[in-house]
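This report introduces a single protein chain to a reader who has not met it before. The sequence and the structure come next, followed by a description.

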Amino acid sequence: MTPQYAAPAGQPPGFSVGGARHASWLELFFDLIAVAGVAQLAHLLHGAPGRADLGLYCVLYLAFWTAWMCFTTYGNVAADKVRTRTVLIGMFGLAVMAAAVPEVRSERAAAFALAYVLVRVLASRVWQRRGEVPVDWPMAQLSAGVVPWIVSLWAQAPTRYWLWAAGLLIDLGLTFALSRSRVLARAREGRDEHGKRRGRIEVPPVAAPFDPSHLDERLGLFTLIVLGEGIAQGVEAASETEWTSALGGLAVGAFVLLLALWALAVRRSCGVPLLGFGVLTARFALPLHCVATSALAALAASLGAAVEHVDDRLPAGMRWLMCGSLCVFLAVGLLAGALSGRGGRWVMLAGLPMVAAPLLLAAFAGGVSPGALVWTLVLVARWPWLYEKAVRVKEPPRTAGGRTAEQER
């Protein structure tokens with residue numbers, strides 16, 4: 001999908017002539033903060049990240065992605081009735097979170113936590129004003145998980161990071177534990193209690209209707225932003241390194257690898273690798289998108305770091321980051337491909353090999369140059385396409401009735 005940049009006369013921004021919604025100018029402007037946030041988060045993994053660094057990265061990425069998704073779902077439902085001021089305030093909160101990331105281990109941890117709390121509270125109030133409940137993604141309105149974040153303002157490291165993780169897990173747990181009907185019932189009970197305290201009858205909230213095609217496009221745009229960070233990391237690293245033939249081979253390989261991942265996640269999918277359009281509801285598709293894009297951002301960091309060792313061998317930590325992040329991304333593709341109906345044979349011959357190969361390379365490719373490793377990962381990422389192409393070639397042509405020529409005879 002491509003965003004529509006101009007609306008016809010009489011049409012609100014974000015709508016096409018045929019009625020299919022596309023990202024509005026406000027939504028595209030809001031996504032600029034995602035560019036900054038992903039870049040800052042990816043820089044957390046530079047050098048030789050340890051387990052604590054990876055854990056902190058996962059917590060911060062989930063927090064940032066959750067805050068972004070709160071306003072993305074709001075724009076999806078509100079459409080042309082979205083409050084511009086509300087979106088811009090949320091954008092500023094996300095900007096504070098992004099700016100705090102480089103020093104989040106020290107004096108800016110409180111700023112990150114406070115900005116996250118304010119963004120989540122603002123997002124929750126948005127739904128209360130609209131009298132709607134995002135039953136397909138309750139996390140956009142839930143606020144129970146904000147409590148540990150508030151407590152963390154008085155905590156020290158590493159306790160504060162565990163509190164952040166606990167808050168996120170609370171909201172995620174409620175999102176999956178509560179059914180659509182239960183989420184709506186709880187919201188109506190809360191509205192009734194609020195009305196009794198004020199001595200008036202409140203209008204019961206209704207389920208917020210998501211626009212699936214518009215949400216698919218927004219997820220795809222975010223994935224493009226993360227892929228763009230991979231290119232930016234490589235360009236930045238290459239601009240500070242002597243240009244040699246080895247660097248050229250690595251740079252081309254990294255670019256082709258990102259193209260292969262783009263083909264898996266965006267070209268024919270909704271931002272989630274190998275997930276067909278409309279296969280999963282938002283409640284299940286959005287977590288897959290979060291995991292896949294977080295792996296992409298980590299891969300972007302590893303590709304930039306590989307340039308620094310282009311004439312040497314990658315340290316074990318960097319090799320595991322590169323191969324492991326691709327493994328996670330392709331594991332999401334394996335699950336999504338299976339759910340999209342590709343069948344058991346595809347899972348065994350295409351899905352499982354593409355997930356296992358990066359792990360084997362991480363474990364046994366210590367003597368391989370960075371360029372050769374990246375080109376090998378290109379083959380791994382293209383394996384689903386190669387497999388499906390081989391299957392199409394082997395399959396005999398079929399008639400309009402679905403029978404082969406041999407069966408017709």
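Helix H5 covers residues 109-130, which is 22 residues; at 1.5 Å a residue it should span 32 Å, and its end C-alpha atoms are indeed 32 Å apart, so the two values agree. The model is a predicted one. After H5 comes glycine 131, with a positive phi near 70°.

Serine 124 lies in helix H5. Its relative accessible area is 7%, and because buried means under 20%, serine 124 counts as buried. Apart from neighbours within four places in sequence, serine 124 is in contact with Ala140 and Gln141. Phenylalanine 71 is 53 residues away from serine 124 in sequence, while their C-alpha atoms are 10.0 Å apart in space.

A second residue to look at is glutamate 229, which sits in helix H9 (residues 212-239). Glutamate 229 is buried but has no salt bridge. The nearest side chain of opposite charge belongs to arginine 105, at 15 Å. Leaving out residues up to four places away in sequence, glutamate 229 touches Val38, Ala39, Ala42, His43 and Ala300.

The table gives values for the protein chain as a whole.

| Property of the protein chain | Value |
|---|---|
| Secondary structure elements | 15 helices and 2 strands |
| Buried residues | 51% of the 409 residues |
| Contacts joining residues at least 24 apart, among contacts between residues at least 6 apart in sequence | 74% |
| Exposed area | about 19,100 Å² |
| Share of the exposed area from carbon and sulfur atoms | 64% |

Terms used:
Residues numbered from 1 in each chain as written. Predicted model: local features only at pLDDT ≥ 70, side-chain atom pairs only at ≥ 80, totals over all residues. Heavy atoms only, no water. Helix = DSSP H or I, 4+ residues; strand = E, 2+ residues; numbered from the N terminus. Expected span 1.5 Å × (residues − 1). Buried < 20%, exposed > 50% of the residue type's maximum accessible area, 1.4 Å probe, protein only. Lys, Arg positive; Asp, Glu negative; His and termini not counted. Salt bridge = Lys/Arg side-chain N within 4 Å of Asp/Glu carboxyl O. Contact = heavy atoms within 4.5 Å. Areas by Shrake-Rupley, 256 points an atom, 1.4 Å probe, with all protein chains shown as cover.
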